[in-house]
Protein chains: 2
Amino acid sequence: MIVGLAKKQQGGVDGEREMLASLQARLACRAGMATTTAGVANGFVQGNLAILPEKLAASFHRFCQLNPKPCPVIGMSDVGNPKIPSLGIDLDIRTDLPRYRVWRDSEVVEEPTDIMAHWRDDLVAFVLGCSFSFEEALMADDLPIRHIERNVRVPMYRTNIECSPAGPFAGPMVVSMRPFKPADAIRAVQITSRFPAVHGAPVHLGHPHAIGIADIAKPDYGDPVPVEADEIPVFWACGVTPQAVIAAAKLPFAITHAPGLMLVTDLRNKQLAVL
Amino acid sequence: MIVGLAKKQQGGVDGEREMLASLQARLACRAGMATTTAGVANGFVQGNLAILPEKLAASFHRFCQLNPKPCPVIGMSDVGNPKIPSLGIDLDIRTDLPRYRVWRDSEVVEEPTDIMAHWRDDLVAFVLGCSFSFEEALMADDLPIRHIERNVRVPMYRTNIECSPAGPFAGPMVVSMRPFKPADAIRAVQITSRFPAVHGAPVHLGHPHAIGIADIAKPDYGDPVPVEADEIPVFWACGVTPQAVIAAAKLPFAITHAPGLMLVTDLRNKQLAVL
């Protein structure tokens, strides 16, 4: 109790800074860091960002509700409020990501390192879970992750699995693919089932054609990785889905994170495990 | 409390008989029923049986300990005692299965409907979990099970996965195969992971050759079932493994159940779920 108080008195932002690598990462972004957050603040949950005007936010929220595997909401802001205290101490969604994408009429018009100039009183920020969390759990169980071993981006594919539409938001689910030997694929299903807040169990395995993937060697996003003859391609719903859906919705205005440059939160990956 | 007492007072074997379909099934066996227990006493756990002389029982128990996926022990008797109260009211392992196999020097020499004439004071009975329990859980989730739909035996295969040996007990794991569409295969992994006492999660999926299965259409035991082009063959460790291992161990004497004619216990399948 006294120790707790002492820490708080020392503390505030500077005191906490020594404690949480996630806050350090956000403050680095705020100071201009604009590189990938892969491998940053290990153990902490990272999130995809989608910012929309209030009148579209209700439809988008419903889209997420209807499509929880690609769009698991782990936090959202009040209208016009750039803080999301449930996700992090002193978190300011306008400055705390490395890089943003500003969309106008379905085109990326700018990729700034903060969005102070774009923030408005009618904006709502959504933070969606990201596969970095479940990849940490897979690696903790010694499962090899091909794209991490090769230091490339995870391969991602548009599928023929249609998301349930809501308002202007509609389109195919995007999936990420990780190849595993069969016994590891089974273990990966078990592990990721524990993490519904970060895409959860795979949506498919084994037959890329069945979900509309013509050529596994040609991902629609990210980089290709080989699938060996004794391996199974395993597909998870991907956080690129909402970004693709936002792009397709022909919205006058939206903001997202830049791919791979995520929001680092103070949540711990292990806290997301349901079991 | 009074109701409970009243039932006990009415009760004994005849009173319980009205309550438990499992006890009814055992008493039917005791009275001579000698047909498959598939579909009998739905909801109750059925078990594989292995009976060995005491001096081999310790090695066999260790074999089970080392190979819990094919050999999950759900009950065992004291030496020379044919009762296993933890598995059932009034259960007598000598009479309560439909049919037995008596093995001498690795040959089946007799398939009697009781083993009263073979019981000895040095025998130990092991009851091992069986896939009927997890199949019930799969069907409760509306997953189609091909061999049940076709009313044939599940296809089973010897693999190149070696069990961990113990004493004279050694040999390859036998697996059962059920084909599923990919999303159902993922769900089947989740469901059966909850039931480690009845083989648990699959041991393999997708690449039969990788586990030494040359031709999926030619099972070593049971009946073939088709695997469609959009399906994945999913393989579970199988309770035939200990029987194959016992046959290979060149033991002077052993008793097992006859395949498909199992011990019906008073445990409920749902009690076996770990989550």
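**Chain A: burial, core and overall form**

Q: What percentage of the 275 residues in chain A is buried?
A: The model is a predicted one. A residue counts as buried when its relative accessible area is under 20%. Among the 275 residues of chain A, the buried share is 52%.

Q: What radius of gyration does chain A have, set against that of a compact globule?
A: The C-alpha atoms of chain A fill a box of roughly 60 × 45 × 30 Å along the principal axes. For 275 residues, a compact globule would have a radius of gyration near 19 Å. Chain A agrees with that, at 19 Å.

Q: Which residues touch the most other members of the largest nonpolar core?
A: This core holds 78 residues. One candidate to examine is A:Ile93, which touches A:Leu49, A:Pro82, A:Ile84, A:Tyr100, A:Ile115, A:Trp119, A:Ala125, A:Val127 and A:Leu263, with residues up to four places away in sequence not counted. The residues that touch the most other members are A:Ile93 and B:Ile93.

Q: Is A:Asn67 buried or exposed?
A: A:Asn67 sits in the loop between helix H4 (54-66) and strand E2 (73-76) of chain A. Leaving aside neighbours within four places in sequence, A:Asn67 contacts A:Cys163 and A:Ser164. Its relative accessible area is 6%, and the cut-off is under 20%, so A:Asn67 is buried.

Q: How far apart do the centres of the positive and negative side chains of chain A lie?
A: Chain A carries 26 positive side chains and 29 negative ones. Each set has its own centre, and the distance between the two centres is 2 Å.

Key: Residues are numbered from 1 along each chain as its sequence is written. Chains are lettered from A and ligands numbered from 1 in the order in which they are written. This is a predicted model: local features need pLDDT of at least 70, side-chain atom pairs count only at pLDDT 80 or more; totals for chains, interfaces and linings use all residues. Side-chain values use heavy atoms; hydrogens and water are left out. A nonpolar core is a set of buried Ala, Val, Leu, Ile, Met, Phe, Trp, Tyr and Cys residues joined through side-chain atoms within 4.5 Å. Buried means under 20% relative accessible area, exposed over 50%, partly exposed in between (1.4 Å probe, protein chains only). Contact means heavy atoms within 4.5 Å. The radius of gyration is taken over C-alpha atoms; the globule rule is 2.2 Å times the number of residues to the power 0.38. Lys and Arg count as positive and Asp and Glu as negative; His and the chain ends are not counted. The place of a charge is taken as NZ of Lys, CZ of Arg, CG of Asp or CD of Glu. Helices (H or I, at least four residues) and strands (E, at least two) are DSSP runs, numbered from the N terminus.
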